[in-house]
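Welcome, and please open your viewer. Keep the sequence panel beside it, and we will go from stop to stop together.

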Amino acid sequence: AYPTRHLSASFRFGPEIADLARCVLNWKEFLDVTDPFKITGLGKHTSLQSRAMVARTNLGLLLKAIEYLAANPAIQKIYFEGNFHSYTYAEDGASLYDVLNLYNNKRYLIRDRLIKEMQSVKELEDYISKTEDPELAMMVEIVKKYGNEIPKIIQNLKDKHLKHDNKQEAEMIFSTVHRCKGMEYDSVELANDFITEEKVKKTVLELKKENLSFTKLNEEINLLYVAITRTRNQLIIPETLLPTQFTPEAGSDKIRLTREAQPEEIRQEVKEPVLFEEKHPPKAYSVEAFRSRHRDAYKAWTPACDSELTGLFLEGASVKQLSEYFGRTNGAIRSRIAKLNLER
C-alpha cells in the first residue's frame, strides 16, 4: 500500500474556512480515527460573482431551490449541476410525484413499491419516524408545504434553468455535494441536510452497540468537508452544522450563519403555497421561435414527465394546456397520451 499524504495547504479558501473544515474532520475522533492534520488556507479571493447552493441530497437541494426562488422572484437565470429531473428523485428511486399522488389519494399512479404500499401520508410519516429516512421525510415536507402547486413550481425551475454552455450567466447554481466535487464557487450556501456533530455522536453509539462499521458515517463527514471547501470566499452555513469547537471570527464576512425557524415562527408563517406566475409564450412563426416555445420538443420523455402528464391529464388538463406546460407540440402530447393508454 502507498503512504497517505494529506493536503496541507489550499489556495482556494482562507484561514477561517480552513479552520472550520479541520474542525469537521476532527469529528472522526468519535469514530476512533485519530489522524489529525493541519489545513492552511492561503486563498485571498474577494469576488462574490459565482454563487452556489449545495445540499447533501437531491430533495434537500430541490427544497432549497423552491424556497430560494419564492424569496427571490426576480431571479431569472439558475443552473442545476447534472440532470435536473434527477432532483425530484430520492437515492432509492422514489419520486416526489409518488408522494404527491399518495397525498391526493391517487395510489394507482404511484410507481414506487414502498410508497404504493402506504394507505395515506400519515402512514408514510409513521414509517419515516421509525426508519428516520431523511429523503422520504424531505419529500413529505415538500408535498405538505406546496401540495398541488408542485408541478407548476417544478416547471418554473425548468423555465429558468440555463443550458450548460450558459452556466456562467447563472445568478445561482444548485448542486448536490456529489455533483460539485472538484468544483469551486465564490460564495457557497449549505442546505441543512448534512450530518451534524450531535448526529455523529448518536450514530457512533448505535453502531458500537450493533458492532457495525463506521464506513458510511466516515463518508458523511467527508461529504460535509467537501461541501465546506467548495467556496473560494464566503460560506453561508446553518448554525446546526457548526462543530462545538469552532467559533466564527467576530465581524468576519467569510462565514455567515443561518438558523432554523423556531416553532412559534413557523406557526406565524403564511401557510398558503407560493404561486409562481404562469407564462403565456407568443405564437411562433419561425423555426427559432418554434424551438424557443417548444423547448423540450425533441427531448426524450422521462418517467418523471410521464408521471406529471398522467396526473395532469386525469385532473382534466387540455391538450393545449399540456402542450404549453411541457413545451411540446399538441401532436406530441396526443401521441404520448395514446402511448400511455390514458383515458379520462
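A residue counts as buried when its relative accessible area is under 20%, as exposed when that area is over 50%, and as partly exposed in between, with a 1.4 Å probe and protein chains only. Helices (H or I, at least four residues) and strands (E, at least two) are DSSP runs, numbered from the N terminus. You are looking at a predicted model, in which local features need pLDDT of at least 70 and side-chain atom pairs count only at pLDDT 80 or more, while totals for chains, interfaces and linings use all residues. Residues are numbered from 1 along each chain as its sequence is written, and side-chain values use heavy atoms, leaving out hydrogens and water.

**Stop 1: the sheet**

Select the six strands that form an open sheet; their order is 4-5-3-6-7-8 and their pairing is parallel. Two strands pair if DSSP finds at least two bridges between them. At the edges you will find strand 4 (78-80) and strand 8, each pairing on one side only. On average, neighbouring strands of this sheet are turned by 20° against each other, direction ignored. Axes here are lines fitted to C-alpha atoms, for helices over the stretch in contact, and the angles run from 0 to 180 degrees between N-to-C directions.

**Stop 2: strand 6 and its neighbours**

Now select strand 6 (residues 185-190). How many of its six residues are buried? Six of the six are, so strand 6 is mostly covered. On one side, four bridges join strand 6 to strand 3 (residues 51-55), and the two run parallel. Click V54 to see one such pairing: its bridge partner in strand 6 is L190. Strand 6 also runs parallel to strand 7 (residues 231-238), again with four bridges. Here V188 stands opposite L235 of strand 7.

Next, pick S187 in strand 6. S187 is buried, with a relative accessible area of 3%. Contact means heavy atoms within 4.5 Å. Leaving aside residues up to four places away in sequence, S187 touches L48, S50, R51, A52, T231, Q234 and I236.

**Stop 3: on to strand 8**

Follow strand 7 to strand 8 (255-258). Four bridges join these parallel strands, and I237 has L257 as its bridge partner in strand 8. In the loop between strand 7 and strand 8, select S252. S252 is partly exposed, at 23% relative accessibility. Try a distance label from S252 to Q234: their C-alpha atoms are separated by 9.8 Å, with the two residues 18 apart along the chain.

**Stop 4: helices across the sheet**

Select helix 2 (residues 58-71), which lies across strand 3, strand 4, strand 5 (172-176) and strand 6, at about 160° to strand 5. Then add helix 9, which lies across strand 3, strand 6 and strand 7 and runs at about 140° to strand 6.

**Stop 5: two asparagines**

Go to the loop between helix 8 (197-210) and helix 9 (215-228) and pick N211. N211 has a positive phi of about 55° although it is not a glycine. Is N211 buried or exposed? N211 is exposed, with a relative accessible area of 70%. Then move to N341, in the segment after helix 14 (330-339). N341 has a positive phi too, near 55°, and at 64% relative accessibility N341 is exposed.

**Last stop: cysteines**

Finally, select C23 and C180. C23 is buried at 1% relative accessible area, and C180 is buried at 0%. A disulfide is a pair of cysteine sulfur atoms within 2.5 Å, and a search of the whole structure finds zero of them.
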